[in-house]
Amino acid sequence: MMLPFAVELLALPKAVGEVRRMFEGDDVRLCVSELLTNVIRHVGEGTPVTVRAVASPTGRLRVGVSDPDPRAWPILREATAGAESGRGLALVDAVALQWGVEQGPSGKTVWCELGAPVGVREPAR
């Protein structure tokens, strides 16, 4: 599949694995699954989302997850040693070249950029 790529889906736990399988490369799979999991945990299971991947003008792969809640912005936190969660955005921060949040007219997009674009697979039908 060629970039740009976009798929609309509901933020459900089963969708995380489905979206991971659409991408090739460990770092992009990690990032897209963490961004989608953040929507499930902080906006709500079943939220409609759009997952996008584009090649930036600098040759990087930019992956974004858009959701309709303009208020639930991700915050990079340091997880405590015994915490069972709270490391997802730290993982994205560690493997991505950069990441951020963009406010849109009907929600927000959390995005990250990785090295050179990698393959994206057709979604299963």
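How many bridges join strand 3 to strand 5? The tour below leads to the answer; note at the outset that this is a predicted model.

**The whole chain.** Begin by displaying the protein chain as a cartoon. It contains three helices and five strands, and their order along the sequence is β-α-α-β-β-α-β-β. Buried residues account for 38% of the 125 residues in the chain. Next, show the surface: the accessible surface of the protein chain is about 7100 Å², and carbon and sulfur atoms contribute 52% of this area. Contacts may be considered as well. Of those in the protein chain with a separation of 6 or more, 64% are between residues 24 or more positions apart.

**Strand 5.** Now select residues 107-114, which form strand 5. Is this strand mostly covered or mostly uncovered? Strand 5 is mostly covered, as seven of its eight residues are buried. While its side chains are displayed, recall a general point: in a regular strand, side chains alternate between the two faces of the sheet.

**Strand 3 beside strand 5.** Add residues 61-67, which make up strand 3. Seven bridges join strand 3 to strand 5, and the two run antiparallel. To locate one of these pairs, select V65 together with V110, its bridge partner in strand 5.

**Strand 4 beside strand 5.** Finally, select residues 98-104, which form strand 4. Strand 4 also pairs with strand 5 in the antiparallel sense, over seven bridges. Within this pairing, highlight Q103 and find K108 opposite it in strand 5. Then follow the backbone from strand 4 to strand 5: a hairpin connects them through two residues.

Definitions and conventions
Residues are numbered from 1 along each chain as its sequence is written. This is a predicted model: local features need pLDDT of at least 70, side-chain atom pairs count only at pLDDT 80 or more; totals for chains, interfaces and linings use all residues. Side-chain values use heavy atoms; hydrogens and water are left out. Helices (H or I, at least four residues) and strands (E, at least two) are DSSP runs, numbered from the N terminus. Buried means under 20% relative accessible area, exposed over 50%, partly exposed in between (1.4 Å probe, protein chains only). Contact means heavy atoms within 4.5 Å. Accessible areas come from the Shrake-Rupley method with a 1.4 Å probe; for residues, only the protein chains shown count as cover. Two strands pair if DSSP finds at least two bridges between them.
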